[in-house]
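Reader: Please show me how the features of a sheet are to be read from a model.

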Amino acid sequence: MVRYAFAAVVMLTLAVLLGACSPIPAVAPTAAPVATETAAEAGGKLVIYSGRSEPLLKPVVDAFRAANPGVDVLLKAGSNSELANALLEERGNPQADLFITTELVTIQSLAAEGVLD
């Protein structure tokens, strides 16, 4: 009986590991401009706060600008804590349309404060 339980645990573990190692299907890129109508309706301006360095985001911003030439993109890069504090200060009059960070704790704190609503 113990032998069968052990075999079942091993099989389950292998199934989970194999499932986690399977490749993620590729998503075909769309040829249409991203959010052109929405950005244009919002005044044609997109303000991005980024905790990532500007050189890392520049290719993405440049691609967005090329696909959406009527949208003025402003990128404000800085430390995650600096930008999170700016978002807290701007709570009554938000300036950023998008906040990019890799810090989960920062996002959780801002969400708990209601800043991301």
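Author: The following turns treat the sheet, its strands and the rings. This is a predicted model, in which local features need pLDDT of at least 70, side-chain atom pairs count only at pLDDT 80 or more, and totals for chains, interfaces and linings use all residues. Residues are numbered from 1 along each chain as its sequence is written, and side-chain values use heavy atoms, with hydrogens and water left out.

Reader: In what order do the strands form the sheet?

Author: Strands are DSSP runs of E with at least two residues, and helices are runs of H or I with at least four, numbered from the N terminus; two strands pair if DSSP finds at least two bridges between them. Here 3 strands form an open sheet with parallel pairing, in the order β2-β1-β3. β2 (72–77) and β3 (98–100) each have a single partner strand, so one side of each is left without a neighbour in the sheet.

Reader: How many bridges join β1 to β2, and which residue is the partner of Tyr49?

Author: The two strands pair over 6 bridges, and Tyr49 has Lys76 in β2 as its bridge partner. Towards β3, strand β1 (residues 45–50) has 3 bridges; among the pairs are Ile48 with Leu98 and Ser50 with Ile100.

Reader: Why is β1 largely enclosed?

Author: Buried means under 20% relative accessible area, exposed over 50% and partly exposed in between (1.4 Å probe, protein chains only). β1 is largely enclosed by the rest of the structure because 5 of its 6 residues are buried.

Reader: Where does Lys76 lie with respect to Tyr49?

Author: A charge sits over a ring if NZ of Lys or CZ of Arg is within 6 Å of the ring centre and within 35 degrees of the ring normal. Lys76 lies over the face of Tyr49, 5.0 Å from the ring centre.
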